[in-house]
Amino acid sequence: MTQKTMQGRAAGSRAPAGHPLAQAAIDCFRRGDTARAEALCRDVLSRVPDQVPALLLLGQILTERGEGVAAMSWLGRAVARRPDLAVAHFNMGRAAHSAGELRIAVAALRRATELDPHLAVAHRNLSAVLLETEQAGEALTHARRAIEIEPDLAENHFIAGKVLEALGRTDPAIGALSRATELEPTRVDLHNALGRLHQLAHRPDKAVQCHRRAVELQPDYALGHSYLASALQDIRDYAGAEAAYRRALELRPDMHITWNGFGIMLRALGRFDEAIAAFRRAIEISPDLGVAHRNLATVQKAAAEASEMAEMETILADTSLSLDARAQAGLGLGKWYDDMERYDEAFERYQRANHLTRQAEIREGKKFEPTALRAEVDRIIEVFTPEFFQARRAWGTETDLPVFIVGLFRSGTTLTEQVAASHPLVFGAGELNEVRQITHKLSLRPENAPEWQEDMVRKVAAAHLARLQFLGNGAVRVVDKNPDNVFSLGLIATMYPGARVIFCHRDGRDSALSCFFQGFSRSQSFASDLADCGRRWIETERLADHCRAAIPLRFHEVHYEAMVADLEGEARRLIEFLGLDWDPACLAFHETERSVKTASTWQVRQPLYNTSVGRWRHYERHIGPLLEVFAATGVSFDASAPGPESS
């Protein structure tokens, strides 16, 4: 929340008139002579203890100085003297917010809006505090009311954008922030906030424009350079991103989040020693930064120092810290203990971390629903039949460019992409979000597939293909390895009947356990419960079976275990499927210089190893709920075969 958001000097003009010294204090305050104004207020109150204008002004002065508790004591007297005065409640709300008394702040600001429904600053501040107390629905009502009263004030649109973002309504939030920057085009924080929203909406080009504008307006704006670095990384301008990170840290060497972000980029580029140094620097600055501890654990395979593990144990146990910070520390500890082959201790830390993550997901209303997933797969199977595609066979755009790698997360998708992208004619684009965005934003969902229009599909395909061509920069094949595209293969087949799809499979016990150990973002909430990981694996495999039988695309199957056992044979078959001549570089995939931003960033920089095959056996005594899910649905695994069997 910005200082401007929680401000209210404009409300002071609504205070009642009174003692001449009080008016003199107000005049001094307006001229910026705060010390003289405070002295005059105290002089008045020594003579007339309940003089309301002096109480209000003294409370405001103390609030703006950060002395919220002291301010509340003076403002309480003003409220008691004039309970009908909106500005008294407004100032009390500001003071309570400064003091961290959010419940009192909400009550006071709400009362101010009731007494004076046209007091825009009260609506805005109430919206901001309601947002802090996770009451975003009511916060939006007051943000909109502030805009109705003062439509040309940038701060009103800014807070509305923050509330809309919290509600997950990214596009309206972008609209609100865009309007704020139009009204106040020289405010760097507005451009920065708008750029961050564009990043959330996976529009990195626009994000770069916003962050560049912020640092043009204020070249020493460290946070702006930090966000610019992140946006440049998203468009694969790694040289520019590194320069922006270094500039940000030159300006503010104490920005631990920026050190962590810099480390993530260095890790993605395979510069592991530098990444380790960046993560360690973040931890030095902020020892409680759980995510940096976890990142440090994932960037190397070696025993941690005793002091590092002790710090992480402290974070995991500290209930005063956020659920996310503790969960990240737990995941990092699990990784360290697993590396040390102390599997019981590793599982206990992973389990605690995921319990904390599931708590956070429930608070945010993002709990995984297995029945909803099964219903989604049922709809896809019901809608996308051979007859569906036969009726639309002329809609598609003919192209050999797109390749989609799908399957459950942690099933070898990154390894498969790295092998393919090591070929000089293949560009590995990583996990793109474009197809899923098209599905949701344009309502091209399975349930309304019968109403799809040919011109819309052609238009979408043309735009998407142009994006792939831009990314590929002359490549013959462009690989999108977003595993979630398995749910969009019906749309992909309608857009590109000539597209290639690579299904990645892995023993469900290993794949599910690896997901449980990974700590994905909230968008993959299944991963915080081991049984749900199994359910997701089952539905993904069920969907794969249907796609092979009903969807007219070119499919290739890659089993992780087979890839590990016979890299050259599997790699040759993969490149042949892509319609390309063999290139030996595909066997040296770990030497390929490209950004890898997924969970497997460290592993794919190493020569192929087989220690992850059958990894579940180390944890067999702990994974009863997972094995029960497989048994209940008739899934069994043949140890002598690379793939699963399903009955």
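**Exercise 1. Locate Arg 410 and describe its backbone and burial.**

Solution. Arg 410 sits in the loop between strand 1 (402-407) and helix 23. The model is a predicted one, and the angles and areas used below are computed from it. Take the backbone next: phi of Arg 410 is positive, about 65°, although the residue is not a glycine. Then take the accessibility. The cut-off for buried is under 20% relative accessible area. Arg 410 has 15% relative accessibility and so counts as buried.

**Exercise 2. Asn 473 also has a positive phi. Is Asn 473 buried or exposed?**

Solution. Start with the angle: phi of Asn 473 is near 50°, and the residue is something other than glycine. Its place is the loop between helix 25 (454-472) and strand 3 (477-480). The cut-off for exposed is over 50%. With 69% relative accessibility, Asn 473 counts as exposed. Set beside this, Arg 410 is a loop residue that counts as buried.

**Exercise 3. Determine the surroundings of Arg 506.**

Solution. First, position: Arg 506 belongs to the loop between strand 4 (500-505) and helix 27 (508-518). Second, burial: its relative accessible area is 6%, so Arg 506 is buried. Third, contacts: with residues up to four places away in sequence not counted, Arg 506 touches Arg 410, Ser 411, Ser 511, Ser 514, Trp 537, Tyr 560, Glu 561 and Ser 612. Arg 410, the residue with the positive phi, is thus one of the contacts of Arg 506. Fourth, a distance: Ala 562 is 56 residues from Arg 506 along the chain, and their C-alpha atoms are separated by 9.3 Å.

**Exercise 4. How many residues of helix 23 are buried?**

Solution. Helix 23 covers residues 413-421. Go through the helix in order: Thr 413, Thr 414, Leu 415, Thr 416, Glu 417, Gln 418, Val 419, Ala 420 and Ala 421 are buried. That gives 9 of the 9 residues, so helix 23 is largely enclosed by the rest of the structure.

**Exercise 5. Describe the nonpolar cores and the part played in them by helix 28 and Leu 553.**

Solution. The largest nonpolar core has 113 residues. Trp 452, Leu 489, Phe 503 and Leu 553 have the most contacts inside it. Helix 28 (residues 530-550) gives the largest share of this core, 8 residues. For Leu 553, leave aside neighbours within four places in sequence; its contacts are then Leu 489, Ile 492, Ala 493, Tyr 496, Pro 497, Ala 499 and Val 501. Another core lies apart from this one and has 66 residues, including Leu 40, Ala 86, Val 106 and Val 129. As background, nonpolar side chains in soluble globular proteins tend to be buried together.

**Exercise 6. Which residues does Thr 540 contact, leaving aside its neighbours within four places in sequence?**

Solution. Thr 540 is in helix 28. Its relative accessibility is 4%, so Thr 540 counts as buried. Beyond its sequence neighbours within four places, Thr 540 is in contact with Gly 407 and Leu 408. Val 377 is 163 residues from Thr 540 along the chain, with 8.4 Å between the two C-alpha atoms.

**Exercise 7. Give the accessibility of the loop residues Gly 168 and Asp 254.**

Solution. Gly 168 lies between helix 9 (154-166) and helix 10 (170-183). At a relative accessible area of 56%, Gly 168 is exposed. Gly 261 is 93 residues from Gly 168 in sequence and 23 Å from it in space, C-alpha to C-alpha. Asp 254 lies in the loop between helix 14 (238-251) and helix 15 (256-268). Its relative accessible area is 40%, so Asp 254 is partly exposed. From Asp 254 to Lys 367 the C-alpha distance is 36 Å, for 113 residues in sequence.

**Exercise 8. What is the radius of gyration of the chain, and what does the globule rule give?**

Solution. The secondary structure amounts to 31 helices and 7 strands. The radius of gyration is 29 Å, close to the 26 Å that the globule rule gives for 647 residues, so the chain is as compact as a globular protein of that length. The C-alpha trace spans about 95 × 60 × 50 Å along its principal axes. Of the 647 residues, 55% are buried. Among contacts between residues at least 6 apart in sequence, 68% join residues at least 24 apart.

Key: Residues numbered from 1 in each chain as written. Predicted model: local features only at pLDDT ≥ 70, side-chain atom pairs only at ≥ 80, totals over all residues. Heavy atoms only, no water. Core = buried A, V, L, I, M, F, W, Y, C linked by side-chain atoms within 4.5 Å. Buried < 20%, exposed > 50% of the residue type's maximum accessible area, 1.4 Å probe, protein only. Helix = DSSP H or I, 4+ residues; strand = E, 2+ residues; numbered from the N terminus. Contact = heavy atoms within 4.5 Å. Rg over C-alpha atoms; globule rule 2.2 N^0.38 Å.
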